[in-house]
Amino acid sequence: MEKDSLLYKIKEGIQDSCYIWAREMRDSFKDEGVLIFFILVPIFYPLLYSWIYNNQVVRNVPVAVIDQSKSEMSREFIRKVDASPDVKVAYHCNNLEEAKDLVGKQVVKGIVYIPGDFQSKVARHEQAVVSVYCDMAIMLYYKAVYQTTVAVSTGMNAHIQIAQSRNFTDHEDAVTTKPLDYDDVPIFNSTTGYGDFIIPGVLILILHQTLLLGIGLAAGTARENNRYQDLIPTSKHYNGLFRIVIGKSMCYFMIYCIIAAWVVMAIPKLFGFVHLISLRECVAIMVPFLLATIFFGMMLSCTIRYRENVMLLVVFTSVPLLFMSGVSWPQANMPGVWQAVAYFFPSTFGMRAFIRLNTMGASLSDVQVEYQALWIQTLVYFLLTCAVYRFQLNMAKKHALDHIHSLREKAERAKAAKKVTGATTVLPTTTGE
């Protein structure tokens, strides 16, 4: 096969890409930092995160009760609150200051205040008020305390309405207490659990962030060890831009195909989270997502000078990326600027597509926008990675040539100095006759 033929060049390109892939794979498993982010973190961190949220909802949230009424109706209200699965009456206080002190010490997460005229107002057919104070540091506590007190007050209102009415049948009682009936059916989250709500998006974000961390750490290590001298075309296996990009990306893609299968397929089933996505849909959405993230990480890795820099750059963006994806905050309520910023990150479309396929039961045709956006990002970031690597190659060649010229100049100066020293003869001196 002639060296100038197309088939020979294709064969040589495949061999060089495989060589670069094998070397990158070897370097990844030899570097403890890269190994941690590529293997250990994506394996164990989803386990820890899923285990923490495996209970789905909070139970027995401790609250303090201030009963100024001391009446039969107030005691009934307190009993029903305490009997609920979500709230536990942990303390009875005499005044609001005592209850505030308990909240400040994080002993209780909420306060239920029943005023002294609670029963007397109901007896006079006036509206009574029960005040509820909640710790807003964690929204789950607020949800448990608030919804429990609302449910108890709604139930007691129904009994009061029935007692004051002159109905004769149960049907009339039902119409009196609930003239407009409704069914509360939570869609896409039948358990109304926090785990089913947040875990699918977090799993995709873990893949995104650990992949960026590993690629950036590998690039920082290479720069610290001056390994980019190997990119100079004098190394026959690195004689080609596409060979370098494809060889490196092949290494990362093969590793994360296994990691992605563990994170998005095994973890939800292991902990019993909602898992509606099929294997075909998972492969269809994971392939462009991983490729887009890999090329995005390779492009960003060119800005990583030291290993520590990647931690500051990537970890800092984890929480903003979760918010900008629209998982924990509605996308429609975000400013247009931040919506535009979110489009630059593969995690945005990856999380949106995976949540709709996995939790909402959508099909691939329903996520065509996200699917096409991921492939567009793959193409754009691939071209940008090639452009950045081309710039690096040119800079590497320039520095190498400058270094060679400086060595030659030093050698020539040393050679000239040696010639001058060798040509100089020392004449013997005499003191006279």
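Is threonine 378 buried or exposed, and what is its relative accessibility? Here are a few notes on that residue and its surroundings.

1. Please keep in mind that this is a predicted model. The average pLDDT of the protein is 83, and 90% of the residues reach at least 70. One stretch to treat separately is residues 228-234, where the pLDDT is below 50. Those residues still have 16 contacts in the model beyond near neighbours in sequence.

2. For the overall layout, you will find 15 helices and four strands in the protein. Of its 433 residues, 40% are buried. The exposed area comes to about 25,100 Å², with 62% of that supplied by carbon and sulfur atoms.

3. Now to the opening question. Threonine 378 has a relative accessibility of 7%, so it counts as buried, the cut-off being under 20%. This threonine belongs to helix α15, which covers residues 368-423.

4. The side chain of threonine 378 has two polar partners worth a look on your screen. At 2.8 Å it reaches the backbone oxygen of leucine 374. A polar atom of the threonine 378 side chain also lies 3.4 Å from the backbone nitrogen of alanine 292.

5. Alanine 292 turns up again in the list of contacts: leaving aside residues up to four places away in sequence, threonine 378 touches Pro288, Leu291, Ala292 and Phe295. As for the protein as a whole, 78% of the contacts between residues at least 6 apart in sequence join residues at least 24 apart.

Terms used
Residues numbered from 1 in each chain as written. Predicted model: local features only at pLDDT ≥ 70, side-chain atom pairs only at ≥ 80, totals over all residues. Heavy atoms only, no water. Helix = DSSP H or I, 4+ residues; strand = E, 2+ residues; numbered from the N terminus. Buried < 20%, exposed > 50% of the residue type's maximum accessible area, 1.4 Å probe, protein only. Polar contact = N/O pair within 3.5 Å; in protein donor to acceptor, adjacent residues only side chain to side chain. Contact = heavy atoms within 4.5 Å. Areas by Shrake-Rupley, 256 points an atom, 1.4 Å probe, with all protein chains shown as cover. pLDDT = per-residue confidence, 0-100.
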